[in-house]
Amino acid sequence: MTVYNSKINVNTESYAKNRREMLAHIEQLQMLNARGALISQQRKPRFEARGQLTPRERLARLLDPGMPFLTVGNLAGYLLDTSDPEKSIPGSTIISGIGFISGVRCMVVVDDSGIQAGSLTSAGGYRLRRSEEIALQQKLPFVHLVESAGGDLLNYTVEGFLQGGALFGNLAKLSKAGIPVISILHGSSTAGGAYMPGLSDYVIAVRNNGRAFLAGPPLLKAATGEIATEE
């Protein structure tokens with residue numbers, strides 16, 4: 001057995017300085033990782049009024065208790081939505097990571113509908129696309145908790161729609177490879193939010209809450225003036 005002896009002297013001022021600086025960086029990272037959850041949690045009363053769980057409550061009930069959950073892309077989009085480091089939301093409107101469901105290791109994606117109604121930003125699209133790529137490479141079942149207002153039309157770009165097409169194409173690649181694509185439709189999902197369950201192998205829809213529209217009532221009214229119910 002080979003024994004390696006460290007040459008680091010923990011009693012020097014340079015070591016103490018490096019340690020202080022690294023601990024400060026770690027504290028900043030933990031704060032950034034928690035920001036999205038704190039912002040989303042502010043919408044909890046609205047979820048409860050609709051008889052819904054918050055995105056993270058739903059994720060916690062899906063995953064096996066006590067098992068690890070490895071987040072993917074948790075800093076995606078930091079300083080892209082705004083140049084203000086105090087207001088930017090790392091991770092955008094997506095929660096994603098690798099966890100265990102009934103003992104099976106899966107790639108899990110959750111639309112954080114507590115932030116911008118779960119609309120898909122360019123950063124969120126990157127995070128979702130990266131999760132699909134990992135699922136395909138590692139042969140992980142792909143599970144998506146869907147509640148989304150669709151693409152972020154306030155920041156529309158042609159490039160964004162091209163990248164959105166890649167998201168849906170990746171679902172077809174997963175299915176072709178024999179990797180299960182499962183959507184849990186637990187809220188209103190519009191446009192791109194409807195394509196995700198539409199291209200899944202299996203869809204579990206929550207009664208009275210799970211809905212998918214190419215154009216929901218607000219978009220229909222804005223486009224044509226027609227008033228329609230969700231039903």
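**Figure 1. Meet the whole protein, in a predicted model.** Throughout these legends, buried means under 20% relative accessible area, exposed means over 50%, and partly exposed covers what lies in between (1.4 Å probe, protein chains only). By that rule, buried residues account for 38% of the protein's 231 residues. The fold contains seven helices and eight strands; these are DSSP runs numbered from the N terminus, with at least four residues for a helix (H or I) and at least two for a strand (E). Taken along the principal axes, the C-alpha atoms fill a box of roughly 75 × 40 × 35 Å. Because this is a predicted model, local features need pLDDT of at least 70 and side-chain atom pairs count only at pLDDT 80 or more, while totals for chains, interfaces and linings use all residues. Residues are numbered from 1 along each chain as its sequence is written, and side-chain values use heavy atoms, with hydrogens and water left out.

**Figure 2. A look into the second largest pocket.** About 230 Å³ of space lies here. Of the 19 lining residues, Asn 33, Arg 56, Ile 94, Ile 95 and Arg 127 are the closest to the pocket centre. Three elements each give two or more residues to the lining: helix H1 (13-41), helix H3 (55-62) and strand E2 (94-101). Helix H1 gives the most, with four residues. Sorted by type, the lining holds nine nonpolar, seven polar and three charged residues. For that sorting, Ala, Val, Leu, Ile, Met, Phe, Trp, Tyr, Cys and Pro are nonpolar, Asp, Glu, Lys and Arg are charged, and the others, Gly among them, are polar. For those who like the recipe: on a 1 Å grid over the protein atoms alone, a pocket is an open set of points where a 1.4 Å probe fits, with protein on both sides within 12 Å along at least five of seven lines, and lining residues have an atom within 4 Å of a point. Points are joined across faces, edges and corners, and the volume is the space filled by probe spheres set on them.

**Figure 3. Lys 17 and Glu 21 pair up along helix H1.** Their side chains form a salt bridge, at 2.7 Å from N to O. The term asks for a side-chain nitrogen of Lys or Arg within 4 Å of a carboxyl oxygen of Asp or Glu, and the protein has nine such bridges. Lys 17 and Glu 21 sit four residues apart, so about one helical turn separates them. Lys 17 is partly exposed at 42% relative accessible area, and Glu 21 is partly exposed as well, at 37%.

**Figure 4. Lys 44 and Glu 57 connect two helices.** The side chains of Lys 44 and Glu 57 meet in a salt bridge, 3.1 Å from N to O. Lys 44 belongs to helix H2 (residues 44-49) and Glu 57 to helix H3, so the pair ties together parts that are 13 residues apart in sequence. Lys 44 is partly exposed, with 24% relative accessible area, and Glu 57 is partly exposed at 27%. Glu 48 joins in too: Lys 44, Glu 48 and Glu 57 are linked in a network of salt bridges.

**Figure 5. Asp 112 reaches Arg 56 in a salt bridge.** The N to O distance is 2.9 Å. Asp 112 lies in the loop between strand E3 (104-111) and helix H4 (122-138), and Arg 56 in helix H3, so the contact ties together parts that are 56 residues apart in sequence. Asp 112 is buried at 1% relative accessible area, whereas Arg 56 is partly exposed at 30%. Arg 56 may look familiar, being among the residues closest to the centre of the second largest pocket.

**Figure 6. Ile 8, Val 10 and Tyr 15 make a nonpolar surface patch.** The patch covers about 280 Å². Ile 8 comes from the segment before H1 and is exposed, at 57% relative accessibility. Patch members have over 30% relative accessible area and no salt bridge; nonpolar side chains (Val, Leu, Ile, Met, Phe, Trp, Tyr) are joined within 5 Å, like charges within 9 Å. The areas come from the Shrake-Rupley method with a 1.4 Å probe, and for residues only the protein chains shown count as cover.

**Figure 7. Two loop residues with positive phi, Leu 79 and Asn 208.** Leu 79, which is not a glycine, has phi near 70 degrees. Leu 79 sits in the loop between strand E1 (70-71) and E2 and is partly exposed, at 38% relative accessible area. Asn 208, also not a glycine, has a phi of about 70 degrees. Its loop runs between strand E7 (202-205) and strand E8 (211-213), and Asn 208 is exposed at 61%.
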